[in-house]
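Biologist: Got a minute to walk me through this one? I'd like to start with the strands and then jump around a bit.

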Amino acid sequence: MPRAPTPSAPAPAAAPAAAPARTLSAPAKALHKLGLTHPVALALHLPLRYEDETRLTPLAEVRPGDTAQVEGTVRECKVELRPRRQLVVKLMDAEGDELVLRFVNFYPSHQKTLAVGQQVRVRGEVRHGFFGREMVHPSFKAVVDGAPLAETLTPVYPASAQLPQSYLRKAVAAGLQRANLHEVIPPELVPHGLPLLRDALEVLHHPPPRTPLAALEERTHPAWQRLKFEELLAQQLSQWQARLERAARRAPQLHDTPPRQQASDPATPADTPAEAQPLSQRLLDVLPFGLTAAQQRVVAEITADLGRSQPMHRLLQGDVGAGKTVVAALAATVAMGAGWQCALMAPTEILAEQHFAKLVQWLEPLGITVAWLSGSRKGKARQAHLEAIANGQALLVVGTHAVIQSDVKFARLGLAIIDEQHRFGVAQRLALRQHLSAPAQGDGDVLEPHLLMMTATPIPRTLAMTHFADLDVSTIDELPPGRTPILTKVFTDARRDDVVARVAEEIERGRQAYWVCPLIEESETLDLQNAQATHEALAAALPHVTVGLLHGRLPAAEKAAVMAEFKEGRMGLLVATTVIEVGVDVPNASLMVIEHAERFGLAQLHQLRGRVGRGAAASVCVLLHTPPLSVSGKARLKAMIETTDGFEIARRDLEIRGPGEFLGERQSGDALLRFADLHEDEALVQRAQAAAKLMWERHPHAAMAQVRRWHGGHLDYLQA
């Protein structure tokens with residue numbers, strides 16, 4: 001595989017020198033606000049729809065419901081005051097047929113252009129009026145007899161109130177003419193039948209009269225296909241670039257090898273003392289359960305990666321409860337067994353604490369020192385852990401984003417594990433990648449850590465092919481034995497009393513329950529049940545039950561105390577916000593109630609549901625909602641009822657939300673894909689993927705030019 005050429009710093013095409021803001025007209029300021037400051041940006045600002053101004057319809061032929069362009073002479077123009085002030089214009093064509101034009105909002109310029117005797121060309125929707133056929137607020141312009149018609153469909157662009165369509169059309173046309181749109185992709189890599197890029201954009205901005213509008217609106221026209229292919233190819237090339245750059249870097253080769261036996265005293269496997277076995281095997285020996293076949297497979301994939309000199313960049317995905325933590329622990333033992341440190345970072349303190357408690361339980365009996373870092377740990381306790389990390393005494397470090405703060409110095413970091421990485425913002429993920437990639441010195445080489453990311457939100461196939469194309473993906477597609485299926489029920493808020501009664505019954509049987517709320521305190525804008533009010537109401541309704549409260553604003557020590565009481569079974573009902581979304585493992589909890597379920601995302605609902613069904617008891621998840629439901633709200637609750645499969649949930653979530661929100665990308669402020677649709681364009685994604693590989697191999701400089709054209713200075717975000 002060839003090495004990527006060293007790129008110059010990518011940047012968008014240079015913007016024209018901007019005049020001082022005070023000298024810009026309102027439309028020019030609106031252009032700048034939309035980011036339309038250079039020719040390529042204008043060329044890629046595509047129409048929302050089109051108007052057909054290529055032909056005139058005689059007034060005798062227009063029917064109510066039609067959208068048509070007509071021409072005639074103004075016979076009457078007057079302001080009427082009843083039932084409200086409005087401008088009423090009567091138009092007559094050469095055949096003597098009439099049409100009424102009605103304007104509720106109008107200006108003196110309207111009256112001037114529509115003066116009696118003026119010949120005008122009008123376009124709008126025809127409807128029934130009191131005095132026959134009429135158009136309300138049509139577009140219009142004065143014309144002379146025999147004025148030529150438009151030769152192409154007229155584009156209607158996304159704009160703002162300060163940006164008239166006429167001004168924007170001229171700006172886009174000028175930008176399209178000036179933009180450097182030379183062919184970058186070698187012709188043999190462009191799918192057969194697609195036009196040149198410039199020709200495609202010309203068609204999309206100015207479609208010829210007989211262009212099928214349905215193909216344009218549904219984005220299936222060859223011009224649209226070329227634009228989508230360009231975008232997808234640039235995205236795939238950027239991922240290949242990340243892979244090639246990673247291949248050129250060095251990482252420690254981690255082999256979990258036990259202390260070497262004396263040559264004079266060879267031991268058979270049966271006689272080998274525990275201390276002489278690999279650390280990963282010692283962990284497997286003390287675990288109270290065996291690994292599933294899927295866990296064994298992904299452990300083998302990760303172990304093979306850790307033994308290579310190229311940095312691992314692997315995503316471990318698996319449904320809620322699939323057993324990702326033990327896989328991460330085994331990966332950590334490989335690094336630690338080779339004499340290197342491992343860092344595990346989680347997005348919330350509760351999740352990090354759960355990992356810490358479990359890993360301490362598993363690893364400290366094997367002689368491993370585990371350090372804990374979080375925002376709440378300060379003073380001497382924090383300093384002691386920082387020193388243990390810096391001198392290499394702490395082989396495993398667990399915590400929140402505190403793990404990557406500037407005062408944390410690792411002696412020999414060989415593996416970084418990031419749990420629920422998509423829950424960090426894009427900028428956070430980028431800072432994390434850069435911090436963990438700070439080279440460590442080892443055996444004379446500059447080395448960087450291997451990277452393992454974990455997620456319980458499985459990645460749909462098309463998303464993995466695009467936005468995770470620079471990752472190797474390991475999938476745990478099997479749940480451990482003994483997990484009971486979860487029954488999901490949906491009720492309106494009117495059934496709240498019935499749900500409370502069911503909670504009481506479940507607790508009387510010796511089980512425990514969660515009640516999840518979306519807010520902590522009352523909101524003036526959202527009429528939602530909040531955690532504090534719900535806690536008070538449930539405590540009053542269930543006087544014989546210990547009802548706890550857990551939310552993100554509680555001090556860390558108080559959160560830990562509440563969780564400990566619930567885990568130990570001394571608390572029957574836990575009212576909580578979404579801080580319990582991931583990482584909380586209480587096998588005795590068999591009922592989950594989610595308040596205002598319509599306000600939660602589908603992936604979040606699935607994660608919350610996964611907090612129950614972790615033991616042998618039959619478990620139920622109740623989704624309470626307040627009608628009426630939005631279309632997307634109905635789709636989310638329907639998906640929750642129909643499936644408990646995390647991969648199917650992820651597929652539907654991608655359909656409902658789109659890739660940007662699915663990945664947490666919105667925090668970056670930039671759309672991941674402007675033109676292509678992962679759900680509709682999977683075949684085009686596959687073509688772009690194949691073309692990207694060939695382009696890097698055969699035309700690396702053209703590949704870099706394509707990436708610069710489309711992504712400019714945003715390459716870092718694509719790799720976050």
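Modeller: Sure, one term up front: buried means under 20% relative accessible area, exposed means over 50%, and partly exposed is in between, with a 1.4 Å probe and protein chains only. Helices (H or I, at least four residues) and strands (E, at least two) are DSSP runs, numbered from the N terminus. This is a predicted model, so local features need pLDDT of at least 70 and side-chain atom pairs count only at pLDDT 80 or more, while totals for chains, interfaces and linings use all residues. Residues are numbered from 1 along each chain as its sequence is written, and side-chain values use heavy atoms, with hydrogens and water left out.

Biologist: Okay, S9 then. Which residues point which way from S9?

Modeller: His313, Leu315 and Gln317 go to one side, Arg314, Leu316 and Gly318 go to the other, and all are buried. In a regular strand the side chains alternate between the two faces of the sheet.

Biologist: And how many residues of S9 are buried?

Modeller: Six of the six, over residues 313–318, so S9 is largely enclosed by the rest of the structure.

Biologist: What does S9 pair with?

Modeller: Two strands pair if DSSP finds at least two bridges between them. S9 has five bridges to S16 (residues 450–455), and those two run parallel. S9 also has five bridges to S17 (residues 472–476), again parallel.

Biologist: Which residue does leucine 315 stand opposite in S16?

Modeller: Methionine 453. On the S17 side, leucine 316 has serine 474 as its bridge partner.

Biologist: Staying with leucine 315, is it buried or exposed?

Modeller: Leucine 315 counts as buried because its relative accessibility is 1%. Its C-alpha is 9.7 Å from that of isoleucine 459, which is 144 residues away along the chain.

Biologist: Switching to helices. Where is leucine 283, and what does leucine 283 touch?

Modeller: Leucine 283 is in helix H8, residues 279–286. Leaving out residues up to four places away in sequence, leucine 283 is in contact (heavy atoms within 4.5 Å) with Ala329, Leu330, Thr333, Trp362, Leu363 and Leu366. Leucine 283 has a relative accessible area of 0%, so it is buried. From leucine 283 to leucine 330 there are 47 residues in sequence and 7.4 Å in space, C-alpha to C-alpha.

Biologist: What about H19, how far apart are its end C-alpha atoms?

Modeller: They are 17 Å apart. The expected span is 1.5 Å times one less than the number of residues. For the twelve residues of H19 (residues 631–642) that gives 16 Å, which agrees.

Biologist: Which H19 residues are buried?

Modeller: Gly633, Arg636, Leu637, Ala639 and Met640. They cover an arc of only 155° around the axis (taken from the directions from the helix axis to the C-beta atoms), which puts them on the same side of H19. The face turned away from that buried side carries Val631 and Lys634, which are exposed.

Biologist: Anything odd in the backbone?

Modeller: A few spots. Most residues other than glycine have a negative phi, and most peptide bonds are trans. The bond from arginine 82 to proline 83 is cis, with omega near 0°. Proline 83 is in the loop between strand S2 (67–80) and strand S3 (86–92). The bond from proline 627 to proline 628 is cis too, with omega near 0°, and proline 628 is in the loop between strand S23 (619–625) and H19.

Biologist: Where does phi go positive?

Modeller: Histidine 137 has a positive phi of about 50°. Histidine 137 is in the loop between strand S6 (132–136) and strand S7 (139–142), and its relative accessible area of 38% makes it partly exposed. Arginine 219 has phi near 60°, in the loop between helix H6 (213–217) and helix H7 (222–247). Arginine 219 is partly exposed at 30%.

Biologist: How many disulfides are there?

Modeller: Zero across the whole structure, counting a pair of cysteine sulfur atoms within 2.5 Å as a disulfide. Cysteine 342 is buried, at 0% relative accessibility, and cysteine 517 is buried at 0% as well.

Biologist: Last one: what's the average pLDDT?

Modeller: pLDDT is the predictor's confidence in each residue, from 0 to 100. The chain averages 83, and 83% of the residues score at least 70. Residues 259–270 stay under 50, with five contacts beyond four places in sequence. Residues 662–671 also stay under 50, but the model has 30 such contacts for them.
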